[in-house]
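Hello,

Here is the structure I promised to pass on to you. Have a look at it first, and then read on for my notes.

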Amino acid sequence: LKGNILIEPKYNSKLFIKKQNEVEFIHGINACYENGEYEFELFINQTKQDYNGKIRSLDYNYGRDRDRTVISVESNGQIKFGVIDPEGLIVVPIDYQDLKYLSVFEGDSINDKNLILAQREDKYGIIDENENIYLDYQYPKLRYLNDGYYRNDVQNGTLLYDKEGQLIIEDSEIWYWFQIEEKPNFFFARDSQNNYGVIDLWGNWAIRPVYKNLGFVREYKKL
């Protein structure tokens, strides 16, 4: 059995295919580890991509269609983050301190917007791929919960914001969103005495914070 070489074996890290609009792009990656840091070379259809600096990371399979790559590039001693598509074209400029796509669940009200947690001047906000701002850069720490709600960790607990950036809860540490059938959103929360309960969107305790721990229990059925 004799095979013809279609792509020369010159990539030491990865070789795979990415699709966009039914067109396939072959990505090849060379990785070099030196002085405690990685540097990558990205080839698309055997053409080396140039982003005016050293590629420090490539994080694949993000965005609504799982075809976005978060890339970080070091130039002039600074590392900046951006987003590229399967062709290697820049979608979001490589000009941010940090970028992370929001992890959303099926049915989430913002599931189709490709929203990104972005950091500039040491503050976080929420943008889309066109750099439209959904939440302004004013949060030292920001985490997306679900369905358009965000938490901002501060020294004394957690602040909860809605999709318009309005503060709705500020007295409890909130760490997990969930919903019960058609009822409003609920959050596991911890009060200032380190007791756990469940809080609703209006700051009311649906389950009083009297527990030292709280979580879901799986439902088991008898055989």
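About 14,500 Å² of the chain is exposed, and carbon and sulfur atoms supply 44% of that area. Please keep in mind that this is a predicted model. Of the 223 residues in the chain, 41% are buried. In secondary structure, the chain has 19 strands and zero helices. If you look at contacts with a separation of 6 or more, residues 24 or more positions apart account for 25% of them.

Let me begin with the strands S11 and S12, as several of my notes meet there. S11 covers residues 123-127 and S12 covers 133-139. The two pair in the antiparallel sense, over three bridges. One pairing to look up is that of Ile126, whose bridge partner in S12 is Leu135. Five residues lie between the strands of this hairpin, and Glu131 takes a positive phi there, near 65 degrees.

The loop between S11 and S12 also holds Glu129. Is Glu129 buried or exposed? Its relative accessibility is 13%, and the cut-off for buried is under 20%, so Glu129 counts as buried. What does its side chain find in the way of polar partners? One is the side chain of Arg68, joined to that of Glu129 by a polar contact of 3.0 Å. Another is the side chain of Asn114, with a polar contact of 3.2 Å. Leaving aside residues up to four places away in sequence, Glu129 touches Arg68, Asn114, Val91, Val92, Tyr101 and Ile116.

Ile133 belongs to strand S12. This residue has a relative accessibility of 47%, which lies between the 20% and 50% cut-offs, so Ile133 counts as partly exposed. With residues up to four places away in sequence set aside, Ile133 touches Ile126 and Ile127. You may also like a distance to check: the C-alpha atoms of Ile133 and Leu115 are 9.5 Å apart, with the two positions 18 residues apart in sequence numbering.

Next, some backbone angles for your list. Which sign does phi take at Glu22? Although Glu22 is not a glycine, its phi is positive, at about 65 degrees. You will find Glu22 in the loop that runs between strand S1 (14-20) and strand S2 (23-34). Glu22 has a relative accessible area of 71%, and because anything over 50% counts as exposed, Glu22 is exposed.

Asn52 is another non-glycine residue with a positive phi, in this case about 60 degrees. Asn52 sits in the loop between strand S4 (47-48) and strand S5 (54-62). With a relative accessible area of 64%, Asn52 is exposed.

Finally, a word on the surface. Which residues form a nonpolar patch there? They are Ile207, Val210 and Tyr211, and together they have about 280 Å² of accessible area. Ile207 is part of strand S19, which spans residues 205-211. At 37% relative accessibility, Ile207 counts as partly exposed.

That is the end of my notes, and the structure is now yours to explore.

Best wishes

Note on methods: Residues numbered from 1 in each chain as written. Predicted model: local features only at pLDDT ≥ 70, side-chain atom pairs only at ≥ 80, totals over all residues. Heavy atoms only, no water. Helix = DSSP H or I, 4+ residues; strand = E, 2+ residues; numbered from the N terminus. Buried < 20%, exposed > 50% of the residue type's maximum accessible area, 1.4 Å probe, protein only. Polar contact = N/O pair within 3.5 Å; in protein donor to acceptor, adjacent residues only side chain to side chain. Contact = heavy atoms within 4.5 Å. Areas by Shrake-Rupley, 256 points an atom, 1.4 Å probe, with all protein chains shown as cover. Pairing = 2+ DSSP bridges. Patch = residues over 30% accessible without salt bridge, like charges linked within 9 Å, V, L, I, M, F, W, Y side chains within 5 Å. Salt bridge = Lys/Arg side-chain N within 4 Å of Asp/Glu carboxyl O.
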